[in-house]
Amino acid sequence: MRYVSTRGAAPVLEFGDALLAGLASDGGLYVPESWSALPEGGRGNYVETAIEIMALFVGNAISRDDLAAMVSDAYATFDTPEVTPLVELHDGIHLLELFHGPTLAFKDIALQMVGRLFDYELDRRGQRVTVVGATSGDTGSAAIEACRDRENVDVIILHPADRVSDVQRRQMTTVEADNVHNVAVEGTFDDCQDLVKAMFADVAFRDQVRLSAVNSINWARVMAQIVYYVVAAERLGGRRSPVAFAVPTGNFGNVFAGHVARRVGLNVPQLVVGTNTNDVLTQFFTEGTMAIAEVVPTTSPSMDIQISSNLERLLYEILDRDGAEVAARLDAFRSTGRFQLNPEHHAALSDNWSAARFGDDIVKDCIAAEADRSGIVLDPHTAVGVLAGRAARRDPSIPLVALATAHPAKFPDAVEAATGVRPELPDRLAGLHDRPERLTRMPNDLAVVQEFVEAHRRVR
Ligand SMILES: *Cc1c(COP(=O)(O)O)cnc(C)c1O
């Protein structure tokens, strides 16, 4: 299995190299050189199907036994053997709960696997890395949980001091692992992100500490997310029986995995993209255009994104895998702030993609109404997906699966404002407020942070 860059000018890599590289050297994203075919079968067992699907993309890079061991281990961290339970809401509309992992959001599904893949590949090569990241709250804890206790990885996460919620901070700082370090920067999230960028830009430093990231453009994250689309179809009638999906979207990584599932043979007549007020993707699918806009804060902060990095992977498909054309289009987009699909490409997309946007008021009403109707409490991201699915569904005889991307207790303020009830943390986080915290507070100063990273990574 070989991987090519969406911009066509980077080396073609095997799975392990694409995994560790993340971004391609030409600025593109890695995708498989060709699509495998998904065989029939599958019993809706998460671990079984995950091994089968990931084996299609890993190729010979990892033996079946080693892959199986990593998959079993990764999904044993979830609080149910179903990993992603499927619950019917009404009229053939189902919720696929992707929030049963250690940090209560769907990113655990990919990151629990990617942390183990990193460690495995580094071990094989006798290498180590230092993962550094900035977080405004949620991504940091998922990265920490993914990297904790991994032999060849140290992880250092920067968050803005006093500017993340209590639960978010504690999810990061109460992790007891020698290779996990939390830095509270006296500044904003943007300051944290600037510090991380500056560390990557300092080539001598980057090489010396072997800096790395587990960000959402990594192909392995998309790969791990394909699995739950296939598992949902298996549980509803089989891989060849039609299922539509509705997906709340930010960076387009989750729904792109659904597109790959369809590409390899899952019967998905409709993928519905749900956006909040930051609706560039809805524009893209409904009008065939994109215009760069300011990001507006909403009650679904993990979707407050205006440039969705994974859209580049779809663009590569739309433009018949012409990497030079992708690069030219993206350059033009960057310089003009505008993007326009050719009408025939846009028309072809409309066959099996839909999109809709919803503002915070409608999201709040949806959470309240669903809690009243069924007692099921949606988080604001999930509500965007459910709303989009209901609005855009074309064929009510085909089941529609809305992806539930976060546990309601992860966004308690928005949920309480809608329902009047503050959602409780699940049992696995019950002791969160009593556990000791470990964090180091420091000024917004690159030299100080770099010194900390050098001093705390493990050297062998
Ligand atoms: C990250 C995230 C999303 C958006 O997923 P993308 O892959 O970036 O589209 C949606 N909901 C929640 C809760 C998230 O954490």
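1. A quick term before the ligand: a polar contact here is a pair of N or O atoms within 3.5 Å; within protein, one must be able to donate a hydrogen and the other to accept it, and residues adjacent in sequence count only if both atoms are side-chain atoms. With that in hand, a polar side-chain atom of lysine 107 sits 2.5 Å from an oxygen atom of the ligand.

2. Before going on, keep in mind that this is a predicted model, where local features need pLDDT of at least 70 and side-chain atom pairs count only at pLDDT 80 or more, while totals for chains, interfaces and linings use all residues. Residues are numbered from 1 along each chain as its sequence is written, and side-chain values use heavy atoms, with hydrogens and water left out.

3. Back to the ligand. A polar backbone atom of phenylalanine 252 is 3.1 Å from a ligand oxygen, and an N or O atom in the side chain of serine 302 is 3.5 Å from an oxygen atom of the ligand. The protein covers 95% of the 380 Å² of accessible area that the ligand has on its own (Shrake-Rupley method, 1.4 Å probe).

4. The shell around the ligand holds 14 residues, counted as near if one of their heavy atoms lies within 4 Å of the molecule. The closest are Lys107, Gly250, Asn251, Asn254 and Thr405. By class, the shell has five nonpolar, eight polar and one charged residues. For the classes, Ala, Val, Leu, Ile, Met, Phe, Trp, Tyr, Cys and Pro are nonpolar, Asp, Glu, Lys and Arg are charged, and the others, Gly among them, are polar.

5. Have a look at aspartate 154 too, in strand S7 (residues 153-160); strands are DSSP runs of E, at least two residues, and helices are runs of H or I, at least four, numbered from the N terminus. Aspartate 154 counts as buried because its relative accessibility is 1%, the cut-off being under 20% relative accessible area (1.4 Å probe, protein chains only). Its side chain makes a polar contact of 3.2 Å with that of arginine 128. Leaving out residues up to four places away in sequence, aspartate 154 touches Arg128, Val129, Thr130, Val131, Asn179, Arg457 and Arg458, contact meaning heavy atoms within 4.5 Å.

6. S7 turns up again with helix H6 (residues 166-173), which is mostly covered, with six of its eight residues buried. Those are Gln168, Arg169, Arg170, Gln171, Met172 and Thr173. The buried residues of H6 pack against helix H5 (138-147), S7 and strand S8 (180-186).

Definitions and conventions
Buried means under 20% relative accessible area, exposed over 50%, partly exposed in between (1.4 Å probe, protein chains only).
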